[in-house]
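Work through the exercises below with the sequence and the coordinates open. Each task is followed by a solution in steps.

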Amino acid sequence: MSTLKVDAIRHNSATSDAITTAADGTCTAKLTSVGGGQLSHRNLFVNGACRIGQRGSTSLGSGYGGVDRWVQFIGGGGATTTSQDTDVPTGQGFRNSIKLDVTTALASGSSNWAWLGQYIEAQDCQSVCKGTSNAKQLTLQFWVKSPKTGTHTVRLDVSDSSDGVGATYTVSSANTWEKKTVTFPASTSGTINDDNGRGIQVFWVLSAGTTYSSGTLNTTWASWTNANTAPGQPNILDSTSNNFYLTGVQLEVGDTATSFEHKRLSEELAHCQRYYYVHAKGDNKVVGVSVGYQTNDLFLMIYPKVEMRATPTLVQATGTNYYRAYNNGGQDMFDSWGSLWNTHERMISINANSSHGLSLGNIGAAPQMIITSQAGASLAFEAEL
């Protein structure tokens, strides 16, 4: 058996090494942590490489769209087409980014402001140790392509303790991919509850009227003050010619930005499905087997691929004859599903009530095979933060 000889081992504040030395002078080294945390799953941010986009391109003011787990807010009437794009920095291993294409410009009103970011589930933020003497710094790295040069703002906020901290980064060249890294200080006050609610909110400010920019940016943790949110932030949404991109986002415990953790597609998808799960989409996709509860009344049981964060809500595309039920040699068409019933994180029960127009001849206690009948039909479930 060959033995690896280690002549020198680099050691810094970001790593911890356990070394075992044999009698003959050979030794083995094991890297045990990064920033005081585990080697894998360092990234608190979900879908930072923008690989998962279950919703597809979406016209948005505020809400989720384009790329899973990313959410945006636009206050003041602006709107974007938000999508998963293939414009990425060259040679970095990324294949997708999130793109905001401004479709309705946001005027520079005093109370108008906008951001793009992500809510991280609170129980996944406990390693930060917020509110304790062992509170940790957090380092954020990302690639950005902005239509505006100058000083931009990125923030961490925590709703459980109504506080937050901001940092700035400088865009040197418009419409050019640039990598940025910022480190946020530790927070020995406040708390992040150990639950399935909102923990840390990470957001890039896109626009900030004077209500949100007339003060001084708080670069240490402080209670929310609107005026201190994003002083000096340019209005990225001021023209329909503007596009804004992000990818390669990694938020990790510690003061050092480690190499981006590229995850397997299947793993990233499972993380995203905890919050948004597409069960069936497109023409002739099997939805499942339902039971005829009574005349003209179907119940369908669905078991999500992963346990969802909370009891989900139904998201469906509806239209004339969007769904088809097969039973006893016949078929019936209906337009939509009705309410959720006795649903929880691991099991979803939905029904189609008498308004779907199923004929008496093909309904009864026997199982009904359900498929999507039209290309636009889809059935999904949402449990976002």
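The exercises deal with a predicted model and take up confidence, two sheets and a pocket in turn.

**Exercise 1. Confidence**

Task: State the mean pLDDT of the protein chain and find the stretch where the pLDDT is below 50.

Solution.
Step 1. The chain has a mean pLDDT of 89, and 86% of its residues reach 70 or more.
Step 2. The pLDDT is below 50 over residues 1-19. In the model this stretch has 33 contacts beyond near neighbours in sequence.
Step 3. Predicted coordinates should not be read in detail where pLDDT is low. That caution applies to residues 1-19, with their pLDDT below 50.

**Exercise 2. The sheet of 6 strands**

Task: Give the strand order of the open sheet of 6 strands, then follow the pairing from β3 to β15.

Solution.
Step 1. The order is β3-β6-β7-β15-β9-β12, and the pairing is antiparallel.
Step 2. Pairing on one side only marks β3 (58-60) and β12 (178-184) as the edge strands. From one strand to the next, the twist averages 25°.
Step 3. Start at the edge strand β3, which is joined to β6 (residues 79-85) by 3 bridges. In this antiparallel pair, T58 stands opposite T82 of β6.
Step 4. Move on to β6 and β7 (residues 97-104), an antiparallel pair with 7 bridges. T80 has V102 in β7 as its bridge partner.
Step 5. End with β7 and β15 (residues 243-253), which pair over 4 bridges, again in the antiparallel sense. Here L100 has F244 in β15 as its bridge partner.

**Exercise 3. The sheet of 7 strands**

Task: Which strands are at the edges of the open sheet of 7 strands, and how many bridges join β8 to β13?

Solution.
Step 1. Write out the order, β4-β5-β8-β13-β10-β11-β14, with antiparallel pairing.
Step 2. The edges are β4 (63-64) and β14, each of which pairs on one side only.
Step 3. Inside this order, β8 and β13 run antiparallel and are joined by 8 bridges. W115 stands opposite V205 in β13.

**Exercise 4. The second largest pocket**

Task: Describe the second largest pocket by its volume, its lining residues and the elements that supply them.

Solution.
Step 1. The volume is about 330 Å³.
Step 2. The lining holds 20 residues, of which W113, D157, Q201, F203 and W224 are the closest to the centre of the pocket.
Step 3. Two or more lining residues come from each of β8 (113-121), β10 (150-158), β13 (198-208) and β14 (222-223). The most come from β13, with 4 residues.
Step 4. Sorted by class, the lining has 8 nonpolar, 9 polar and 3 charged residues.
Step 5. Compare with Exercise 3: β8, β10, β13 and β14 also appear in the order of the sheet of 7 strands.

Terms used
Residues numbered from 1 in each chain as written. Predicted model: local features only at pLDDT ≥ 70, side-chain atom pairs only at ≥ 80, totals over all residues. Heavy atoms only, no water. Pairing = 2+ DSSP bridges. Axes fitted to C-alpha atoms, helices over the stretch in contact; angles between N-to-C directions. pLDDT = per-residue confidence, 0-100. Contact = heavy atoms within 4.5 Å. 1 Å grid on protein atoms, 1.4 Å probe; cavity = no way out; pocket = protein on both sides within 12 Å on 5 of 7 lines; lining within 4 Å. Points joined across faces, edges and corners; volume = space filled by probe spheres on them. Nonpolar A, V, L, I, M, F, W, Y, C, P; charged D, E, K, R; others polar.
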